[in-house]
Amino acid sequence: MPVPGPGYSITVRVEAPPSASAAGDLTGSVGRAGGVITAFDVVESHADRIVVDITCNALSADHASDITDGLRELPGVTVRKVSDRTFLVHLGGKIEVNSRVALTNRDDLSRAYTPGVARVCTAIAENPEDARRLTIKRNSVAVVTDGSAVLGLGNIGPEAALPVMEGKAALFKKFAGVNAWPVCLDTQDTEEIIRAVELIAPVYGGINLEDIAAPRCFEIERRLREKLDIPVFHDDQHGTAIVVVGALRNALRVVGKDITDCRIVVCGVGAAGSAIIRLLQRKDPRDIVAVDIDGIVHSGRGDTDPNLQSIAAGTNAEGRTGSLSDAVAGADVFIGVSAPNLLSADDVATMNSDAIVFALANPDPEIDPLEAQRHAKVVATGRSDYPNQINNVLAFPGVFRGLLDAHAHEITDDMMIAAANAVADVVDGERLNASFIVPSVFDSAVAPAVADAVRKAATAGRTARPAPVGGSALPWSMAEDLEY
C-alpha cells in the first residue's frame, strides 16, 4: 500500500500554548491523521506561546489538508501558515543559465564577444561541423514536448508540461553534466512539431522528445531522424526500453533462465510498450505476446493502426488470442506499461515457476507488488518506495553523454542495447539478488558506464568523415578537444 512520501511534504507553522504537553499534542495529532513527521522545529518561544514548524509527509493534497485540519482542532493551537514544499522547490523554476567564461575586463569581452567572436563565426561558416566544438551545441540537448501525454496527467498542454521538462533538464545536468533546455511547443500538429524542431536543431547536439502522445510520437521521431544530423531520442519509448531490457537481463540471472527460452508478455503497446518489444526482439526471446485494451494482439484482429499491425506481425508466434489472463498463463515474464490493477495474484500463479513481474504503471502498478510477490520470484515497479525501481534516469543522462562525446549523428539499436547492458553490469554478482536487479538512480557509476558503452558503440566501425573543402578555418587541430 502507498505510504506518505516527500512528494506531498508540507511544513505547517503553528502557535501553541507553552505547556509541557504541547510537543506531544502536536505530534500526536499528525500521527493520528496518518502523517509522517520529518522535522519539528521551535522557531519562536515566548512566555505565553511557542511557534513551531512541523514538517511532515502526506499521501495526497487532501491528506495534507486533513493533517492541517487536525492541528487546527487542538485547543489553543493556531495554524499560521501551510507551505507545500514541492511548490516551494518550483518557485521561479528549477534551472538557470550560467556563463562558463569570465567577463571581468575589456580583454575578456574582446575574446568572448566582439571583435574576437567574429573569427569563430567565420570558422563555423566555413566548416559547420566546428559548431559541435566551439558552441553550446557540443553539450546541449533540447527537451521537446507538446504537452499531450505528461506523466499520468494526460493532455495538459505546454505550459503545464514545463515543470516536468525543467526537472528533466535538471536531471541531465546532475547525472551527466549535459546542458538541457525545455522546449514546450504550443501545437499538437505533427507537421508543425517536426518543422519547429528542424528550425531549432542547429543549436543542439541532440533532441530528447518527451511526453508526446502515441501514435503521433512514432511519426515525429521517425521523420526527425530522417531529417536531422543529430540524434533524436524519445525517452518515453527508448529510455524505458533500455532500463527494462537491462533489468530483465539481471532478473533472468537471478532466476537462472535464458531469454531464448522465455515467453514474455508485454501489457500496453503505446510508446513505451512498443519500444520495449522492439528492443527485446534484439535479444531473441522464445516469444513475445503483446496485450492492449482489446486483449492479445494478433494478426487476425483486423487492427488498422500501423503500429499495432507491425507489433502483430513480429510477435505472438503461437497465434494466441484472448485476454491478459490468457496471455500470462504459462508465461515466464510479465512487463506492464499500461494501467493500474489489471493483473491479479491468481493470474501470476498461472505463470511458470520463478516468474518475473515488472508492473511499471505509475503511480499505481498493474498489480500490488506485495500481491505479485506471493507467486513471482522477482518483482519490479516504477515506484521509489519498492525495491527494483525501473526509472528512466538510469538511461537518458548517460545515453546523451555518450552521444555528445562521440559527436554522434544518430542513435541506433546497437547503442541502446549497449546502454541496457551497461545498466545491468553496474549490479555486480555480489550485489545481485531478487530485490536488487537495477542500481540506484543515485549510483554515481551508472551514467559514466552508460556513456562509455554508448560512446564505444557509436564509434565502433565508424569511418572518418571527409574533411571540408578547403580544410577547417581553425588555426589548430580541434578534432579531439578537451572532454567535458
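**Notes on the predicted model**

1. Starting with one bridge: Val333 sits opposite Ile356 of strand E13. This is a predicted model, by the way, so read everything below as computed from it. The bridge belongs to the pairing of strand E12 (residues 333-336) with strand E13 (residues 355-359), which run parallel over four bridges.

2. Now the sheet around that pair. Six strands make up an open sheet with mixed pairing, and the order is E11-E10-E9-E12-E13-E14. Strand E11 (295-296) and strand E14 (376-381) are at the edges; each has a single partner strand, so one side of each has no neighbour in the sheet. As a reminder when you look at side chains here, those of a regular strand alternate between the two faces of the sheet.

3. Which residues touch the most other members of the largest nonpolar core? They are Leu248, Ile264, Ile335 and Phe358, in a core of 76 residues. Helix H10 (residues 235-255) gives this core its largest share, ten residues. There is also a second, separate core of 21 residues, with Val183, Leu185, Ile194 and Ala196 among them. As a general point, nonpolar side chains in soluble globular proteins tend to be buried together.

4. Ile335 deserves a click in your viewer. Leaving out residues up to four places away in sequence, Ile335 touches Val244, Leu248, Ile264, Val265, Val266, Cys267, Ile276, Leu280, Phe358 and Leu360. Ile335 falls within E12 (residues 333-336), and Phe358 within its parallel partner E13 (residues 355-359). Leu248 from that contact list falls in the range of helix H10 (residues 235-255).

5. Back toward the N terminus, strand E1 (residues 5-16) has two antiparallel pairings to look at. With strand E3 (residues 50-58) the pairing covers nine bridges, and Val14 has Val52 as its bridge partner there. With strand E4 (residues 78-84) E1 makes six bridges, and in that case Ile10 is partnered by Asp84.

6. Two cis peptide bonds are worth checking by eye. Thr114 to Pro115 is cis, with omega near 10°, and Pro115 belongs to the loop between helix H4 (106-112) and helix H5 (117-126). Ala214 and Pro215 are also joined by a cis bond, with omega about 5°; Pro215 is in the loop between strand E7 (206-209) and helix H9 (216-227). For context, most peptide bonds are trans, and most residues other than glycine have a negative phi.

7. Positive phi values come next. Asn316, in the loop between helix H12 (306-314) and helix H13 (324-328), has phi near 55°. His407 has phi near 50° and lies in the loop between helix H16 (396-405) and helix H17 (413-426). Are these two buried or exposed? Asn316 counts as buried because its relative accessibility is 7%, under the 20% cut-off. His407, at 16%, counts as buried too.

8. Finally, the overall numbers. The protein has 18 helices and 14 strands, and its C-alpha trace spans about 85 × 75 × 50 Å along the principal axes. Of its 484 residues, 49% count as buried. Of the contacts between residues at least 6 apart in sequence, 69% join residues at least 24 apart. The exposed area is about 22800 Å², with 53% of it supplied by carbon and sulfur atoms. On charge, there are 44 positive and 64 negative side chains, and the centres of the two sets are 6 Å apart.

Terms used:
Residues numbered from 1 in each chain as written. Predicted model: local features only at pLDDT ≥ 70, side-chain atom pairs only at ≥ 80, totals over all residues. Heavy atoms only, no water. Buried < 20%, exposed > 50% of the residue type's maximum accessible area, 1.4 Å probe, protein only. Contact = heavy atoms within 4.5 Å. Areas by Shrake-Rupley, 256 points an atom, 1.4 Å probe, with all protein chains shown as cover. Lys, Arg positive; Asp, Glu negative; His and termini not counted. Charge placed at Lys NZ, Arg CZ, Asp CG, Glu CD. Pairing = 2+ DSSP bridges. Core = buried A, V, L, I, M, F, W, Y, C linked by side-chain atoms within 4.5 Å.
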